[in-house]
Amino acid sequence: MKKRRIYPTALLLFGFVAAVTLSDLVNPVRAFSEMENRELKTASQFTLSRLFKGDFQSRYEEVVADQFVGRDEWITLKSMTESALLKTENNGVIYGKNGALFGKLTSYNQEQLTKNIGFLQQFAEKHDNVTFGVIPSGYTYSTDQLPAGSGQIDQLPIIADIEKSLADSVQWFDVAGLLTAQESESLYYNTDHHWKGTTAYLAYTALCEQLGMQPVAEDQLTLREVNDFYGSYFSKCKKAGIQPDTLTFYDLPFQVAATVDGTQKSGWYDPAQLEKRDKYGAFLYGNGGLTILSRLDRQTKEADHETSRLLLIKDSFSNALAPLFMNNFDEVYIVDLRSYPMGLTKLCEETDFDEIVVLYNFENLESDTNFYRILQ
Amino acid sequence: MVFSSLLFLFRFLPAALLLYYLTPRRFKNLTLLIVSLIFYSWGEVKYLPIMFASMLIDYTCGLGIKRLGHNPKLRKLFLILSMVFNLGILFTFKYTGFFLENIEAITRIPMPDFSVQLPLGISFYTFQTMSYTIDVYRGDVQAEDNIINFGAYVVLFPQLIAGPIVRYSDVAAELKKRRITLPMIERGATLFILGLGCKVLIANNVGSLWDSTALLPLEQISTPMAWIAALAYSLQIYFDFSGYSLMAIGLGYMLGFRFPQNFNYPYIAGSVTDFWRRWHMTLSSWFREYVYFPLGGSRCSEGKRTRNLLIVWGLTGLWHGASWNFVLWGLWFFVLLVIEKKWLLQWYKQHKVIAHLIMPVILMVSWVIFAITDFSRLGGYLGKMFGIGGVVNASNPLDWLYALRGYGVSLLLGIILSLPVVKTVHEKLAVRFPGNKILSGVRTVLLAVILIISTAYLVDSTYNPFIYWNF
């Protein structure tokens, strides 16, 4: 009898392509990816004009990629392969010693930084109560964990230069000095670019003292811990085998009402979001343009000028910090210039602020192209 | 559409192959024509008329030349018409902007801005169709009477966008009659998977090292770093391009065609002359056949021979892109080849070890000239490589160490696979243990791993540039 030959590679290729294609075609549509923390493309609308312009095709390709069967598992497999290749970074995240993750920053935008500092100066000239601080990125305090030759820029001398360049109209809040003086090495999350709730509290106390106020004692607050926090660095690099962080923040001993861009919320954070992947996004419900926090346990004062108010112009680092000031002010106004295009000047005219604090992470300050809105 | 995409692998390929295999033999070319047109026009429906014009004009010219065998003038007229059309569309789309820029630079008269998207594969298929009319004119092949067969050749999707440059004579017989056998499909599948791995797993991986270095200011690159990045680019361009050619050849086998080999371990070359017999072989042979030989080749006076080489290498450089650095790159090879022909080849033969050590250096320098379009940056970078303007990167003295830590394994893998090591070992084992089940089992498992991990990289790919596709 004639022996039948088999053709393993043809079988492999055709079998694999057919199996993946068929299971992909029957794979149910997903609208959101928890892993990537973003909406997925679900359909490409077909019209002749979209076909001729190529919009239909490019969108269709995005849909195929976004809806691909087992997308998250494929991505995990890739990151495992990268680990096997002993890669030291992926997608802008550097792998440090002992499983530490850091954002890669080998250059910065000096031009934008100078511009933004200029806008801040102009803003401070119009107000007599502006305090400004720059928060260094996490790797600044873990340089011994950075791999040799990674070329990360040293933010501290640049921040010192910013301080020197400021006119007297701006009160300098020295975040870098405060954090350098700490002995703890874990001031920032490992898998996320933000500082921990406990570190935000440190900054809060220092800022209170600088503003001549009494900070609330730590024992009057309840420290909350949420496990399994995989932050932004992890989402970017998806490195296999990284331990999740524990998200920390302080619950306040009184009830707070929040208004985010005009929408009423109960409480300053979103408990539902703490269950999801992007846990840091629970604080202040993300980065709304104008968020107003007020205490429910206090009567609205009859005369407006009796209400004490803080204006905090910030990036997401302060989302963990701002609520603590509810211990010291009746109302805290929080402005994120990235989603507040117009109206800061009007807001300052209409509302009486006892203090104005501008607090930015260095990387946001040197790259943010929306900072000019501080004058709008 | 590129082969290394989810869309191709899990939509186009299964649909196209299924249709193709189910089509009765005499309609197979029609199916091939239709699926290839879909492949071609996927990204650019607006360029479909150019493709149809190409088919019609070259088809008509071929027939014209054939039917007018008695009238040399008219035959020549058809040949010229085809050349003018093909070179005309190539020039219009690829070189007009570059041409106008240079006119403006010389005359200081402002010229209109001309930037259009290059039609997919135009550099490749214009060369392919020109080979057809020239060969018909020379009487080397029969003109194709069937426009469907001819159209299928022009737009044949495996070789449409990045070579190999398949001459009509290479596939004329198979276009009319071909057998698709299981051993051919087996071979095609193997080559396709290997090519996919080369492109997705090696080229893209080491490519990001070059890309990140290319973004740095020169003072932030140390001399060792400049060499490591040049090595990364040399491996990237090889695995990118040869991987793509392998996929094309593999697809060809699956459809019943035997396309010519395009790469033969170019980095083991013992001379630049040898390198160009191993790198993009179908392009070199195209220029040899249709430019160098007609000019007189090397069977003429030394002065003329040098002139011929100059023309061929100037054109080869320009073919790779509308920018002066490509011309410089071509001329650099011209100089090297002339020197080798006159003095060095003999010497290389007697000093093989030295030749094999010099060659990587020459080739890395060549690829740097190829990669950097801006002349002042190019000069600065080459200076860096040879220690002019400082060896050390003061802001980060260990930049090279960091690069080696992150990319060492990938680079090493690339170096090993660009040498015929695996091939030799595999062949030796196959001879020693013919029909061994373990050997073929290991082989299949390896291919499966390559296929699966490539898919993982494609899904993840935020990073999937294809370098050669604008040529």
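## A charged patch on chain B

Arg288(B) sits in helix 12 of chain B, the stretch covering residues 281-292. Keep in mind that this is a predicted model. With a relative accessibility of 38%, Arg288(B) falls in the partly exposed class, because that class runs between 20% and 50%.

Arg288(B) also has company on the surface: together with Arg277(B), Lys341(B), Lys349(B) and Lys352(B), Arg288(B) makes up a patch of positive charge.

## A nonpolar patch on chain B

Chain B also carries a nonpolar surface patch of about 840 Å², with Leu412(B), Ile416(B), Val421(B), Leu429(B) and Phe433(B) among its members. Two helices of chain B, helix 17 (399-417) and helix 18 (421-432), each put in at least two residues. Helix 17 of chain B is the top contributor, giving five residues to the patch.

Take Leu412(B), which belongs to helix 17 of chain B. Its relative accessibility is 51%, so Leu412(B) just makes it into the exposed class, where the cut-off is over 50%.

## A buried spot in helix 15 of chain B

Now for a residue on the inside. Ile369(B) is part of helix 15 of chain B, which spans residues 352-371. Only 5% of relative accessible area is left to Ile369(B), so it counts as buried, the limit being under 20%.

Ile369(B) can also be placed relative to Val327(B): the two are 42 residues apart in sequence, and their C-alpha atoms are 9.8 Å apart in space.

## Chain A at a glance

Over to chain A, which has twelve helices and 15 strands. Its C-alpha trace spans about 100 × 50 × 45 Å along the principal axes. Of its 376 residues, 54% count as buried.

## Strand 12 of chain A and its two partners

Strand 12 of chain A (residues 290-295) is mostly covered, with five of its six residues buried. It pairs with strand 10 of chain A (residues 256-260) in the antiparallel sense, over five bridges. In that pairing, Thr259(A) stands opposite Ile292(A) of strand 12.

Strand 12 of chain A also runs antiparallel to strand 14 of chain A (residues 331-335), and five bridges join the two. Here Thr291(A) faces Ile334(A) in strand 14 of chain A. As a general reminder, strands of a sheet pair through backbone hydrogen bonds, either parallel or antiparallel.

## Strands 8 and 9 of chain A

Strand 9 of chain A (residues 245-251) has six of its seven residues buried, so the rest of the structure largely encloses it. Strand 8 of chain A (residues 222-229) pairs with strand 9 of chain A over six bridges, again in the antiparallel sense. Val226(A) stands opposite Leu247(A) of strand 9 in chain A.

## An open three-stranded sheet in chain A

Chain A also has an open sheet of three strands, in the order 3-4-5, with antiparallel pairing. Strand 3 (89-90) and strand 5 (101-103) of chain A are the edges, each pairing on one side only.

Strand 3 of chain A is joined by two bridges to strand 4 of chain A (residues 93-95), and the two run antiparallel. Glu89(A) stands opposite Ile94(A) of strand 4 in chain A.

Terms used: Residues are numbered from 1 along each chain as its sequence is written. Chains are lettered from A and ligands numbered from 1 in the order in which they are written. This is a predicted model: local features need pLDDT of at least 70, side-chain atom pairs count only at pLDDT 80 or more; totals for chains, interfaces and linings use all residues. Side-chain values use heavy atoms; hydrogens and water are left out. Patches are made of residues with over 30% relative accessible area and no salt bridge: like charges are joined within 9 Å, nonpolar side chains (Val, Leu, Ile, Met, Phe, Trp, Tyr) within 5 Å. Accessible areas come from the Shrake-Rupley method with a 1.4 Å probe; for residues, only the protein chains shown count as cover. A salt bridge is a side-chain nitrogen of Lys or Arg within 4 Å of a carboxyl oxygen of Asp or Glu. Lys and Arg count as positive and Asp and Glu as negative; His and the chain ends are not counted. The place of a charge is taken as NZ of Lys, CZ of Arg, CG of Asp or CD of Glu. Helices (H or I, at least four residues) and strands (E, at least two) are DSSP runs, numbered from the N terminus. Buried means under 20% relative accessible area, exposed over 50%, partly exposed in between (1.4 Å probe, protein chains only). Two strands pair if DSSP finds at least two bridges between them.
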